[in-house]
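The following exercises concern a single protein chain. Each task is followed by a solution in steps.

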Amino acid sequence: MSLNSPLDFSRTFLAAMSTRMFCYYQDRIPQDASLLVVSNHRSFMDALVLMAALSSPIRFACHHYMGQVPVMREFVTEQLGCFPLEDTQNRQQSFFVQSQILLRSKQMVGVFPEGTKPMVKFTQPNHLGEFQRGFAHLALRADVQDLAILPIAIASLEEVNTNGFPLRLLSLFDPSEPLFNQAGWHPLVIYRRLAVLIGRPYWITPQHQQKYHGKQAKTVVAELTEHCYSEIAQLLHQGCY
């Protein structure tokens with residue numbers, strides 16, 4: 001896989017789907033820095049959208065099952081350059097190790113802090129679910145210079161909603177995920193028109209990392225998570241209305 005192939009594939013796919021995308025605040029994208037891209041997540045198209053919006057390949061951490069399902073595995077790893085996480089027992093450690101290696105080489109790493117929930121249950125375009133804190137822990141413990149978190153909102157303006165495949169089919173590939181052990185179908189959200197709004201970068205300083213110890217660690221992680229959540233929520237509100 002060449003470095004630019006995920007970006008080329010993203011642009012080609014969005015053009016083939018006749019998806020119209022409007023990008024705002026692109027001047028906020030830091031140059032020559034290690035970037036941890038954080039965004040809301042409702043559609044299988046989100047990784048493609050973000051790469052096209054930032055004009056750069058982004059290495060996304062994706063759910064364990066995506067590395068197990070034939071065809072999907074080849075799509076997410078070879079075409080998009082994603083790295084599937086390990087099973088439940090080793091998931092967090094594999095996320096930290098792989099992400100740090102990529103960030104040190106100045107590759108963008110992408111994270112969807114809402115996790116799997118928005119992908120298995122249809123939500124409204126302006127809805128933002130609770131954020132998991134793994135990305136904040138990564139940013140604070142990573143031994144990476146010039147690291148910034150870049151919050152981004154994907155605001156759907158026009159979309160088509162349909163069903164993909166039964167959720168219980170996915171449990172064959174990842175029985176440890178309780179969200180797959182239920183009736184119903186995996187929804188597919190196809191964007192027709194959307195706005196991508198780029199937030200202000202949040203730079204990780206030595207002062208942040210010094211606080212990431214002892215009793216202060218929980219507080220600084222919560223503050224970082226809440227900052228990114230609030231930034232994306234405001235941008236999402238702006239984009240959807």
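**Exercise 1. Enclosure of H2**

How many of the residues of H2 are buried?

Solution. The model is predicted, so local features require pLDDT of at least 70 and side-chain atom pairs count only at pLDDT 80 or more, whereas totals for chains, interfaces and linings use all residues. Residues are numbered from 1 along each chain as its sequence is written, and side-chain values use heavy atoms, with hydrogens and water left out.

Step 1. Helices are DSSP runs of H or I with at least four residues, strands are runs of E with at least two, and both are numbered from the N terminus. Buried means under 20% relative accessible area, exposed over 50%, and partly exposed in between, for a 1.4 Å probe and protein chains only.

Step 2. The buried residues of H2 are Asp 46, Ala 47, Leu 48, Val 49, Leu 50, Met 51, Ala 52, Ala 53 and Leu 54.

Step 3. The count is thus 9 of the 9 residues, so H2 is largely enclosed by the rest of the structure. For the chain, 51% of the 241 residues count as buried.

**Exercise 2. The two sides of H1**

Determine whether the span of H1 agrees with its length, and locate its buried and exposed residues.

Solution. Step 1. The expected span of a helix is 1.5 Å times one less than its number of residues. For the 12 residues of H1 (residues 5-16) this gives 16 Å, and the end C-alpha atoms are 16 Å apart, in agreement.

Step 2. Pro 6, Leu 7, Ser 10, Phe 13 and Leu 14 are the buried residues of H1. They lie on the same side of H1 because they cover an arc of only 130 degrees around the axis, the arc being that of the directions from the helix axis to the C-beta atoms.

Step 3. Thr 12, Ala 15 and Ala 16 are exposed on the other side of H1.

**Exercise 3. Positive phi after a helix**

Which residues that are not glycine have a positive phi in the loops after H1 and H2?

Solution. Step 1. Most residues other than glycine have a negative phi.

Step 2. Ser 18 has a positive phi of about 55 degrees although it is not a glycine. Ser 18 lies in the loop between H1 and strand S1 (20-24) and is exposed, at a relative accessible area of 54%.

Step 3. Just after H2, Ser 55 also takes a positive phi of about 55 degrees. Its place is the loop between H2 (46-54) and strand S3 (58-62); Ser 55 is partly exposed, at 43%.

**Exercise 4. The crossing of H6 and H9**

Describe the geometry and the composition of the contact between H6 and H9.

Solution. Step 1. The axes of H6 (residues 134-141) and H9 (residues 216-240) come within 9 Å and cross at roughly 120 degrees. Axes are lines fitted to C-alpha atoms, for helices over the stretch in contact, and angles run from 0 to 180 degrees between N-to-C directions.

Step 2. Contact means heavy atoms within 4.5 Å. H6 contributes Phe 135, Ala 136, His 137, Ala 139 and Leu 140, while H9 contributes Val 220, Val 221, Leu 224, Thr 225 and Cys 228.

Step 3. These residues divide into 8 nonpolar, 2 polar and no charged. Here Ala, Val, Leu, Ile, Met, Phe, Trp, Tyr, Cys and Pro count as nonpolar, Asp, Glu, Lys and Arg as charged, and the others, Gly among them, as polar.
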